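Hi,

Here is the structure I promised to pass on. Have a look at it first, and my notes on what turned up are underneath.

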Amino acid sequence: MNPILTFLVVLIGFYGLSTSDNVIKSVFSVTIIESGVILLFLNLGNFEGGSVPILSEGVTQIVDPLPQALMITTIVIGSTVTALSLMLCIKVFHHYGTVEWKEVLSREDVKS
Amino acid sequence: MSRQIVLILLLGALFAVFTMSIIELEGLYNAFGKEYFLEYGQSDTGSNNLVTAILLDYRLFDSLFEAGILLIAVSGVIWISKHDIEEKNARFMIDKFKTPDLFITFSRLVYPLMLAFGFYVIINGHLSPGGGFQGGTIVATAILILYYIDADKETNIGLIVTVEKIVYLLIIVLASVSIVTRGTFFTNFFPLDATQDTKAIYLVLLNVLIGFKVALGLWTIFTAFLKEGR
C-alpha cells in the first residue's frame with residue numbers, strides 16, 4: 001500500500017477532529033489518526049511476497065519485524081488513551097447533561 | 001461554509017508537505033536490522049517469532065514501560081470514576097431481564113473456548129503469532145462475557161489492582177535477574193550459549209506474567225465502565 005494513502009487516513013482523522021461537535025466523535029477521530037500512523041509504520045518494512053517474521057523451515061524472505069514490535073506498543077497505548085478519554089466523556093455527561101462541545105462551552109459556569 | 005473551505009485548504013497543504021517528504025522516506029529506511037534479526041535472532045533469544053524476540057529480549061526496556069503505562073491508565077480510569085460509584089451506589093449496566101436467553105446460552109458455550117484460546121496464544125507466544133499482550137486481551141474479553149452470564153456478579157476492583165501491581169513488580173524482577181547471571185540488564189537470564197528450549201522457559205514465564213497483567217488491567221477498565229451505570 002502506498003504511504004500517501006496512509007496519510008489520507010490521518011487527514012480524515014484531522015478533519016473529523018476539527019469539525020465534530022460531539023465529544024465521543026472527537027475520541028473516534030483520534031483513534032482514526034492512530035490507525036493511519038500504524039498503517040504507515042507497518043508499510044515501511046513490508047514488500048510483495050514477504051512472509052510473516054516467524055522462523056521455520058524454508059523461510060528466507062521475511063518482512064521487517066521491528067516496526068511490528070513497535071506498533072504493539074502503539075496499539076496498547078492507544079487503547080488505554082481511548083479508555084481514559086471515554087471515561088472523561090462520561091464525567092462530562094454526568095456533570096453537564098450533554099456531550100456536545102458547543103453546549104458545554106456556552107454554559108455560564110464554564111470559562112472557555 | 002467558509003470555515004470548511006479554509007479547513008480543507010489547510011489539510012491540503014499538510015498533504016502536499018507530506019507528499020514532498022515521502023520521497024525521502026524510502027531512502028531513510030534500510031533492511032540491515034531485518035537481516036540481523038533473520039541471522040541471529042533465533043540463536044540469541046531462543047524465539048521463533050521474531051516480534052516476540054524483539055519485544056521480550058532486544059527491547060524489553062520498552063515493553064516494561066508499555067506495561068507500566070497500562071497500569072497508569074487503569075489508575076487514572078479508577079480515579080476519575082471513583083466518586084460516581086460511591087455516590088450513586090450504581091448497579092451494573094447489564095439488565096438480566098433485557099438480555100436475550102439465546103445470548104446467555106451461547107455465552108456459556110463460548111466462554112471456556114475463549115479462555116482456552118487466550119491461554120494458548122499466551123503460552124505459544126514464542127512459536128506462533130501472539131504473545132502476552134494479545135492473549136491477555138482475549139482472556140479479558142472472555143471475562144467480559146462472564147458479566148453477561150451472571151449480571152449480579154460483584155467484582156472487588158481494589159483486590160484486582162493490588163494483584164496487578166504485584167504482577168508488574170514480578171515482571172520487573174524477572175527482567176532484572178539477568179544482571180546477576182549475565183551482567184546486563186533486561187535480557188534473557190540464561191547464558192547466551194544455552195539451547196533454544198532452555199531459553200524458551202524465560203520467554204514463556206515472561207509472556208504468562210505479561211498476559212496475566214494485561215488481562216487484569218483490561219478487566220479493571222471495563223468493570224469501571226460497567227459500574228458507571230446509566
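B:Thr184 is in contact with B:Ser178 and B:Ile179, leaving aside its neighbours within four places in sequence (contact means heavy atoms within 4.5 Å). B:Thr184 sits in the loop between α8 and α9 of chain B, and at 41% relative accessibility it counts as partly exposed. The cut-offs are under 20% relative accessible area for buried, over 50% for exposed and partly exposed in between, with a 1.4 Å probe and protein chains only. Helices and strands are DSSP runs, numbered from the N terminus: H or I with at least four residues for a helix, E with at least two for a strand.

Before going on, the small print. This is a predicted model, where local features need pLDDT of at least 70 and side-chain atom pairs count only at pLDDT 80 or more, while totals for chains, interfaces and linings use all residues. Residues are numbered from 1 along each chain as its sequence is written, chains are lettered from A and ligands numbered from 1 in the order in which they are written, and side-chain values use heavy atoms, with hydrogens and water left out.

Back to that loop, between α8 (178-181) and α9 (196-227) of chain B: B:Phe186 is found there too. B:Phe186 has a positive phi of about 55° although it is not a glycine. Most residues other than glycine have a negative phi.

Now to B:Thr45, which lies in helix α2 (residues 32-45) of chain B. Buried or exposed? B:Thr45 is buried, because its relative accessible area is 0%. Its side chain reaches the backbone oxygen of B:Gly41 at 2.8 Å and the backbone nitrogen of B:Ser47 at 3.4 Å. Those are polar contacts, meaning a pair of N or O atoms within 3.5 Å; within protein, one must be able to donate a hydrogen and the other to accept it, and residues adjacent in sequence count only if both atoms are side-chain atoms. Leaving aside neighbours within four places in sequence, B:Thr45 is in contact with B:Ala53, B:Asp57, B:Tyr58, B:Asn188, B:Lys199 and B:Leu203.

Helix α3 (residues 50-58) of chain B is largely enclosed by the rest of the structure, because 8 of its 9 residues are buried. Among them are B:Ala53 and B:Asp57. The N-terminal end of α3(B) is capped by B:Asn49, with a side-chain oxygen 3.2 Å from the backbone nitrogen of B:Val51.

As for the chains as a whole, chain B has 9 helices and 0 strands, and chain A has 4 helices and 0 strands. Chain B has a radius of gyration of 23 Å, where a compact globule of 230 residues would have one near 17 Å. For chain A the value is 19 Å, against near 13 Å for a compact globule of 112 residues. The radius is taken over C-alpha atoms, and the globule rule is 2.2 Å times the number of residues to the power 0.38. Along the principal axes, the C-alpha atoms of chain B fill a box of roughly 60 × 60 × 35 Å, and those of chain A one of roughly 70 × 25 × 15 Å.

Buried residues make up 46% of the 230 residues in chain B and 38% of the 112 residues in chain A.

Cheers
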